[in-house]
Amino acid sequence: MSGRPANVTVLGATGSIGTSTLDVLARHPDRYRPWALSARASTDAMAGLCVRHRPRYAVMVEPGAAEALRARLAEAAPEVEVLGGAEALVTIAAAPEVDQVMAAIVGAAGLAPTLAAAQAGKRVLLANKESLVMAGRVFMDAVADAGAELLPIDSEHNALFQCMPPGYRAGETAPGVRRLLLTASGGPFRTRALDTLAAVTPDEACAHPNWSMGRKISVDSATMMNKGLELIEACLLFAVPPERVEIVVHPESVIHSMVEYADGSVLAQLGQPDMRTPIAQGLAWPERVEAGVEPLDVVARAALHFEAPDPARFPALRLAAAAARAGGVAPAQLNAANEVAVEAFLEGRIGFTAIPAIIEAVLDAGLGGRVDRLEEVLAVDAEARALAVQLLPRHAV
Ligand code: NAD
Ligand code: MG
């Protein structure tokens, strides 16, 4: 720990990960200062966070929201400087004063500032898996070239990171590692009658049995596309091919993932389903700090269960595995189609089972492109989104 508290930018501060991050930061004012916060449009929530955490900057992305926030803070927290627009996200991610950036915007909108943080050599706390899935090598190369510190916050990847050999850095292939066992809760529909899935509502899909999360990732957990995205994420973070990652359904969400070594050892990380644990681990690494998380009572948990995922119930897993194997443009297309389909499902425009159907159609369309530079990634993303949007009416409810 250096002399002054580390300046932390929290991208997506009003979200589930963002508020958990601020909770951990507030427990350690000697170590961390919330330096900049961002949100898309929720002025009320942001005003509350600014009054409580007193950041140097607050960014609102949606037009008009910055002005509204400025008016709200004029008396309550006049020292907070309010910036507007998506470009300001890059400013607060890459500013020289910043030490750590929590990347907790949901979806592709997080890519530009997350990449900017990596290029500026920051400690990047990566929750925004979509940006990594989209940009793949572009992102990992930026981390390596700039000497950034990449700390996985997604609970599974954080668990895998914690089970890696001493001195391990994300992006390296760890010697002696045979397989990664990526655990999955199976979501709210693990045992629901298959013929009822087409009619599930957004609220049912968002009612996750173990984790409280934003709506997009909750739907991803219900389709298990979340685990599909995490498979791609694991291959990039830990530099392993998809054949060496096994997805294991573990309904209790106590083991957050496991690393299997050549000698047969399997190391697991266990804990409460509380994102403050991986957040605190990433912030403090290689040290440990208090995170406000209840101790895990293993006796009370008594039994842990494991099963193979059901491919008929979760076609998203097959699609993501195919995209992981294909590489190139496929992961970005998968992610783009998924974002469009999930948003349409949440808006009540398509049914639940249309989500994987739309993704499959986009992947099968044979759209081309390259993904060696950010502009190319964004072009592939835009083309896949446009096709997915075009397919929506065919699946209208
Ligand atoms: P959330 O919906 O609760 O919050 C999203 C945040 O992003 C909000 O602050 C919102 O204002 C901001 N945002 C949304 N759209 C934006 C846009 N277009 N431009 C700028 N900002 C925008 O989401 P969450 O559950 O906190 O998830 C955030 C990310 O973390 C996702 O990528 C998710 O996959 C990942 N993640 C979340 C959890 C979890 O437990 N919630 C676990 C693992 C990974
Ligand atoms: Mg996860």
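How buried or exposed is Glu149 by relative accessibility? At 24% relative accessibility, Glu149 counts as partly exposed, and the close-ups below show this residue among others. This is a predicted model, in which local features need pLDDT of at least 70, side-chain atom pairs count only at pLDDT 80 or more, and totals for chains, interfaces and linings use all residues. Residues are numbered from 1 along each chain as its sequence is written, chains are lettered from A and ligands numbered from 1 in the order in which they are written, and side-chain values use heavy atoms, with hydrogens and water left out.

**View 1. Arg123 and Glu149 join two strands by a salt bridge.** Here the N-to-O distance is 2.8 Å; a salt bridge is a side-chain nitrogen of Lys or Arg within 4 Å of a carboxyl oxygen of Asp or Glu. Arg123 sits in strand 6 (residues 123-126) and Glu149 in strand 7 (residues 149-152), so the pair ties together parts that are 26 residues apart in sequence. Helices (H or I, at least four residues) and strands (E, at least two) are DSSP runs, numbered from the N terminus. Arg123 is buried at 10% relative accessibility, whereas Glu149 is partly exposed. Buried means under 20% relative accessible area, exposed over 50%, and partly exposed in between (1.4 Å probe, protein chains only).

**View 2. Arg54 and Glu79 form a salt bridge between two loops.** Their closest N and O atoms are 3.1 Å apart. Arg54 belongs to the loop between helix 2 (43-53) and strand 3 (57-60), and Glu79 to the loop between helix 3 (65-76) and strand 4 (81-84), so this pair ties together parts 25 residues apart in sequence. Both ends are partly exposed, Arg54 at 33% relative accessibility and Glu79 at 43%.

**View 3. Lys216 and Asp220 pair within helix 10.** Look for the closest N and O atoms of this salt bridge, 2.7 Å apart. The two residues are 4 apart in helix 10 (residues 215-223), about one turn of the helix. Lys216 and Asp220 are both buried.

**View 4. Five charged residues share a network of salt bridges.** The members are Asp23, Arg27, Asp274, Arg276 and Glu290. For context, the structure as a whole holds 33 salt bridges.

**View 5. Helix 4 packs with helix 5.** The axes of helix 4 (residues 87-94) and helix 5 (residues 111-119) lie 8 Å apart, at an angle of about 25°. That makes helix 4 roughly parallel to helix 5. Axes are lines fitted to C-alpha atoms, for helices over the stretch in contact, and angles run from 0 to 180 degrees between N-to-C directions. Angles under 35 degrees count as roughly parallel, over 145 as roughly antiparallel, 65 to 115 as roughly perpendicular and the rest as oblique.

**View 6. A nonpolar patch lies on the surface.** Leu270, Val298, Val299, Leu304 and Phe306 together make a patch of about 450 Å². Patches take residues with over 30% relative accessible area and no salt bridge, joining like charges within 9 Å and nonpolar side chains (Val, Leu, Ile, Met, Phe, Trp, Tyr) within 5 Å. Accessible areas come from the Shrake-Rupley method with a 1.4 Å probe; for residues, only the protein chains shown count as cover. Leu304 is found in the loop between helix 13 (298-301) and helix 14 (315-326), and is partly exposed at 32% relative accessible area.
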